[in-house]
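Biologist: I'd like a close look at the nonpolar core of this model, please. Which residues in the largest nonpolar core touch the most other members?

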Amino acid sequence: MKKKSIIGIWMHATKSWMRLSVLMILMACCGLQAEAQGLEATPEDALELTGRPIFGHAIYYTGKEIYNGEEIDTYMFAEVYCFGKLVFKNKREAKKYYKIAANIKKVYPIAVEIQKEVQQQINHMDSLPDKAARDVYMKQMEKQLKKKYTPRLKELTFTQGKLLIKLIDRQLGRTSYQLIKQYMGGFKAGFYNAFATLFGASLKKHYDAEVDDRLTERCILLIESGQM
């Protein structure tokens with residue numbers, strides 16, 4: 001009798017555990033189904049997680065035009081980009097995207113500034129008479145640029161630093177390695193790249209707006225137009 005009682009209790013517990021297991025599986029499936037439906041990216045999410053736009057939406061005055069016999073002022077608006085809504089598989093994926101966007105908002109203005117600085121220096125160097133004059137000027141500029149940008153670059157995280165390397169390629173159409181090699185020589189280019197590889201980065205990294213960096217490109221276009 002005692003033996004039957006123990007068996008009965010065991011069978012009851014087993015059935016209960018099976019029912020509970022089935023219930024848990026069904027709940028998990030419902031959760032996966034809800035997750036598969038996706039979370040849409042909204043402007044409100046972007047504002048909350050990445051802050052206010054850092055660029056305004058530009059409006060340009062283009063003069064006067066005659067319309068229905070009346071002279072009126074005319075304006076041209078900067079480009080506005082329309083993308084399909086991003087749909088994330090889960091909150092983790094959404095958080096990852098907005099983290100990328102926040103990093104871009106911090107790093108992109110630096111990349112734009114560096115672009116202007118480098119182009120200005122390149123134009124000046126190209127106007128110098130010979131290599132000796134360019135070498136002297138380059139040494140002076142190297143010191144000035146280090147002094148100007150080192151404090152700001154030190155504030156960047158490792159991820160933001162790697163992003164900046166790619167954005168320099170986007171802005172200038174040349175990798176950091178190519179720029180250093182062209183204006184400071186192959187030895188320094190190799191040295192700086194070797195130093196970067198110690199930390200898992202590469203100055204030879206290209207920006208790929210179509211595949212690897214498509215979400216980054218999307219963010220940049222929205223940031224440039226004042227939409228993010």
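Modeller: Happily! From one end of the sequence to the other, the chain runs α-β-α-β-β-β-α-α-α-α-α-α, with 8 helices and 4 strands; these are DSSP runs numbered from the N terminus, H or I of at least four residues for helices and E of at least two for strands. This is a predicted model, in which local features need pLDDT of at least 70 and side-chain atom pairs count only at pLDDT 80 or more, while totals for chains, interfaces and linings use all residues. Residues are numbered from 1 along each chain as its sequence is written, and side-chain values use heavy atoms, without hydrogens and water.

Now to your core. In soluble globular proteins, nonpolar side chains tend to be buried together. A nonpolar core here is a set of buried Ala, Val, Leu, Ile, Met, Phe, Trp, Tyr and Cys residues joined through side-chain atoms within 4.5 Å. Buried means under 20% relative accessible area, exposed over 50%, and partly exposed in between, with a 1.4 Å probe and protein chains only. The largest core holds 36 residues, and those touching the most other members are Phe88, Tyr97, Ile104, Tyr108, Leu164 and Leu167. Two or more residues each come from α3 (91-126), α4 (131-154), α5 (158-172), α6 (176-184) and α8 (214-224). Helix α3 gives the largest share, 13 residues. Another core, of 7 residues, lies apart from this one and includes Tyr177, Ala189, Ala201 and Leu203. Over the 228 residues of the chain, 29% are buried.

Some nonpolar side chains sit on the surface instead. Ile59, Tyr61, Tyr75 and Phe77 make up a nonpolar patch there, with about 480 Å² of accessible area together. Nonpolar patches join Val, Leu, Ile, Met, Phe, Trp and Tyr side chains within 5 Å, from residues with over 30% relative accessible area and no salt bridge (a Lys or Arg side-chain nitrogen within 4 Å of an Asp or Glu carboxyl oxygen). Strands β2 (59-67) and β3 (70-77) each supply at least two of its residues. Phe77, in strand β3, counts as exposed because its relative accessibility is 55%.

How far can you trust the picture? The pLDDT, the predictor's confidence in each residue from 0 to 100, has a chain mean of 76. Among the elements, α5 has the highest mean, 89, and helix α1 (residues 2-37) the lowest, 41. Where pLDDT is low, the predicted coordinates should not be read in detail.

Terms used
Patch = residues over 30% accessible without salt bridge, like charges linked within 9 Å, V, L, I, M, F, W, Y side chains within 5 Å. Areas by Shrake-Rupley, 256 points an atom, 1.4 Å probe, with all protein chains shown as cover.
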